Amino acid sequence: MTDPADLTIAGAAAALRAGSLTAAGLLEAVRRRAAMTEAHLHAYLTLDAAGAERAAAAADDAFRRGEDLGPLQGIPIALKDNMVTRGVETTAASRILAGYLPPYDATVVARLRAAGAVITGKTNLDEFAMGSSTENSAYGPTRNPWDPERVPGGSSGGAAAAVAAGSALGALGSDTGGSIRQPASLCGVVGMKPTYGLVSRFGLIAFASSLDQIGPLARTVDDAVVLFEAIAGHDPRDATSYRGAVPDVRPSLDDGVDGLRVGVIRELSGDGIDPEVLAGFRAAVERLAGAGAEVVDLSLPSMDHALSAYYLIAPAECSANLARFDGVRYGPRLEGDTVERMMAATRRDGFGPEVARRILLGTYALSAGYYDAFYGQAQKVRTLVIEDFRRAYEQADVLVTPTSPTTAFHLGERTGDPLTMYLSDICTIPTNLAGDPGISLPIGLDGGGLPIGLQVLAPALGEAVMFRVARAVEALGGFEARPALATSEGAA
Amino acid sequence: MTYEAVIGIETHVELATASKMFCGCPVDFGAEPNTNVCPTCLGLPGALPVPNERAVAWTVMLGLALDCEIAARSLFHRKNYFYADLPKNYQISQYDLPLCTGGHLDVEVGGETHRVGITRVHLEEDTGKSTHLGDTGRIHAAEAALLDFNRSGIPLMEVVSEPDITGPEAARAYAEELRSIVLALGVSDAKLEEGSLRFDANVSLRPAGSDVLGVKVEVKNMNSLRSLQRALAFEIERQAEVLDSGEPVAQETRHWDEERQVTEPGRSKEESSDYRYFPEPDLVPIEVDEAWRERLRAGIPELPAALRARLQGLGLDADTARVVAAAEGLAGLLDDTVAAGGDARVAANWLTGEVTALLRRSGAGIADTPLTGAHLAELHAMVAGRELSATAAKEVLAGVLAGEGGVRRVAEARDLLQISDEDALVAAVDAAIAGHPDEFTRLREGEQRLTGFFVGRVMQATGGKADPRRVAELVRERAG
């Protein structure tokens, strides 16, 4: 029999209702898996054993009473540690929040709890979600379940690794420039960034407010849909939350791609992409064409400038968002003989080098005399990116690109060279600038046995067609591989 | 040399909304420290702001009252600076797209109307409050600081004037007029001493007649209209002395020291701040469409200037009209008096004189008393009909205010009705004459001032209920 930790959410949900599995049993299987893999992976920063047990027991009680809150009832889900959880340590992988116990739950956390999910714990990330490898965590890196010498991607690397390894059946990550999709790609799982505003950011520790969006990581497109449906929807506590109806994605999910126009972005599927990744990508596009999709070659010239614009806008916003971490009201405090010196010492000690770099970059970009040349110019590029996508969606229903220019790279390989590290997100960043949805899913392995990811992009609120195409890619690709570390033999 | 002052005033108005600017915490002054707080106004990780629609509406109303242009689309910005009582270390404020721009306010200075331009009216959030512990209570000598975030996030409206104000008196007139508009709109309790209304002034001097602007000094910490006027007078004098000595005026922030009646330099650091404003990404633009704007315009009550003009139309002189318009509830009472057939001028004199004095003593507001316009109209009718003397009328007012009942009832209960029986009056006069024959003789011989003596005797004998004018007439008749 399959280890319950390897079940999909849909599979586990069926087993729970069939009576062949209990929520407590499922949680136990996931914890056994975590006990086996955590020493190698370090996917979690905090495991909430007591909270998870209570939630699993509550789910089993509900099942016994015949109450059904839907497909997440009793399902173990992990949370990236930048979403606040009442009474459970939340650090955003930063020393500056060491020991911080939030007094409230993020909206997404409340929604998961209301759906009966069992929250396993808080997963590792690049400090404040700034990075592409999870090596910027103040509490040590997470490793890739496919090869522990390699990174899981980032910043939601812990979430992606946990889902791949089976120490959670699904997870929530956050995506500011690709932080869900890129690690999903490197870990061989599905990762989705919703349209900006569809999922509440209330309780998400902000990196760059105009770009941040919470989304699901799961093993299948169907499972990603389940999580997406649980967390999407208007929240009066987030002023940027979308007030309209959440796109209904289910009716067309299995409609296939026959007759759909699938655009290939020329600028993101050539130079700078690893040849093996490119080959895998092209093969997947061929399969879509074979299934009746019309493949359109499109040029979006602004893509070449998106990375630069992102690295001005995101740091500018983060320089203000992270100003509140000053040691005055919460978190560790270093003493100083004036308030200013106390704050400076606390911040110097509390932030890691990448966070400090981005705060400095953003502070500079917003400074008097530089604002127009940097922040102002970046906003103009952002407008061009939005325009380019708008034109592209006149010619195509969805766009596809490789998710990441390479498969998982080695720990330490890019840490000394921030610019190369920044290029890891070259394919994912433009979508965040536009506020559009995107999903990455595995399409095969490279010669070294590492997963290759493809992303499907759609216009704002185009989740239905995005999931539909992703589902087709998944069905046509037949990606069944599991990482070595997710089995007891591999971990032994 | 002769100089002229160039003054611009920045006014901060704390709005009396039920909840804070960006969260649901109550706006409640005087609560225990750090009890009206939540993740948003404490700047906890992950918390987000949601704008208070009423605060936006009230700001638009003030903008309309000041004849401003209302922006159809306005933005919040982040103003970045580190300070212990600023929980996010940025303040959500407005920058280049404020809600209201380009208005004006007419103020009267020395009987002349003077127009002050309004650059802008915008909306922002207040900071928390620091209390510095230690010897002096001043920040540099403090041993520790206590932080209270109850004030953090209270909606704050900022009104920026053009540098059109020419002197301390005009500055005070501007501040008074703006305060009266804020009170008329009912958007703030506008108490300077409690900080819900704060004035900062930018002052510079230039040679009289010149159009070159001098170096400007920002003057802060003025907790009353009087201290605003005095601080500016001091500062103008100080700058003139500096200039006369051939020195340049330093650009700085100075604080008014109420005790010593001087302005003193504040921290010079504030001047070099770069606030790195950028659009607040947690909020969407504020849209004020025409329909909303016009609904708000329709909701604006009669403003003080219009009210004063109307009161003068009712026969009040300019000063009385000003006093009535400035005091809460008096104008409405006056309207009721006129509606009840009373006389506006007589009622205004009672309201601004006796009634105001009595209320000041009791500490009550006019709305807390049973006094109505009908009372004032009836009182006037009784005085005109010689049923009450002017003195007795005041006593009746006191009784009505004290809740003793209606005008006639109080007059009867306190036995204040005048003796209208002519025979009784004549008898009282004759009795007085009979009792003081010497004085009467002197009066007959031409010592006119003794008329008053006899009136006094009669008033005494009648317990003040005689009409003194009629008594005087009767005394003169007897004296022939």
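## Cores, contact and two helices

The largest nonpolar core here has 228 residues, and those with the most contacts inside it are Ile77(A), Val118(A), Val398(A), Val469(A) and Tyr174(B). A nonpolar core means a set of buried Ala, Val, Leu, Ile, Met, Phe, Trp, Tyr and Cys residues joined through C-beta atoms within 7 Å. Helix H9 (residues 303-321) of chain A gives this core its largest share, 11 residues. Apart from it lies another core, of 32 residues, with Leu379(B), Leu388(B), Leu397(B) and Val407(B) among them. In soluble globular proteins, nonpolar side chains tend to be buried together.

A word on the source: this is a predicted model, where local features need pLDDT of at least 70 and side-chain atom pairs count only at pLDDT 80 or more, while totals for chains, interfaces and linings use all residues. Residues are numbered from 1 along each chain as its sequence is written, and chains are lettered from A and ligands numbered from 1 in the order in which they are written.

Now for chain A as a whole. Its secondary structure comes to 16 helices and 11 strands, taken as DSSP runs (helices H or I, at least four residues; strands E, at least two) numbered from the N terminus. The radius of gyration of chain A is 21 Å, close to the 23 Å that the globule rule gives for 492 residues, so chain A is as compact as a globular protein of that length. That radius is taken over C-alpha atoms, and the rule is 2.2 Å times the number of residues to the power 0.38. Along its principal axes, the C-alpha trace of chain A spans about 65 × 50 × 45 Å. Of its 492 residues, 61% count as buried (20 or more other C-beta atoms within 10 Å of a residue's own; exposed is 12 or fewer, partly exposed in between, with C-beta atoms placed from the backbone).

Back to one of the core residues: leaving aside neighbours within four places in sequence, Val469(A) is in contact with Val257(A), Leu260(A), Val262(A), Val398(A) and Val456(A). Contact here means C-beta atoms, placed from the backbone, within 7 Å.

Where the chains meet, the contact takes 34 residues from chain A and 24 residues from chain B. H9 and helix H10 (339-350) of chain A each supply at least two residues of the side that touches chain B.

Two helices of chain B show what gets covered and by what:

| Helix | Buried residues | Packing partners in chain B |
|---|---|---|
| H14(B), residues 450-461 | Leu450(B), Phe454(B), Val455(B), Arg457(B), Val458(B) | H12 (422-435), H13 (437-444), H15 (468-479) |
| H6(B), residues 318-326 | Thr320(B), Ala321(B), Arg322(B), Val324(B), Ala325(B) | including H5 (304-313), H7 (330-339), H8 (344-362) |

The buried residues of H14(B) cover an arc of only 160° around the axis, which puts them on the same side of the helix; the arc is that of the directions from the helix axis to the C-beta atoms. On the other side of H14(B), Gly452(B) and Gln460(B) are exposed. Just after H14(B), Gly463(B) takes a positive phi of about 65°.

Finally, a loop residue. Glu89(A) sits in the loop between strand S2 (76-80) and helix H4 (107-114) of chain A. With 17 C-beta neighbours inside 10 Å, Glu89(A) counts as partly exposed. Not counting residues up to four places away in sequence, Glu89(A) touches Thr46(A), Gly99(A), Tyr100(A) and Leu101(A).

Note on methods:
Two residues are in contact if their C-beta atoms, placed from the backbone, lie within 7 Å.
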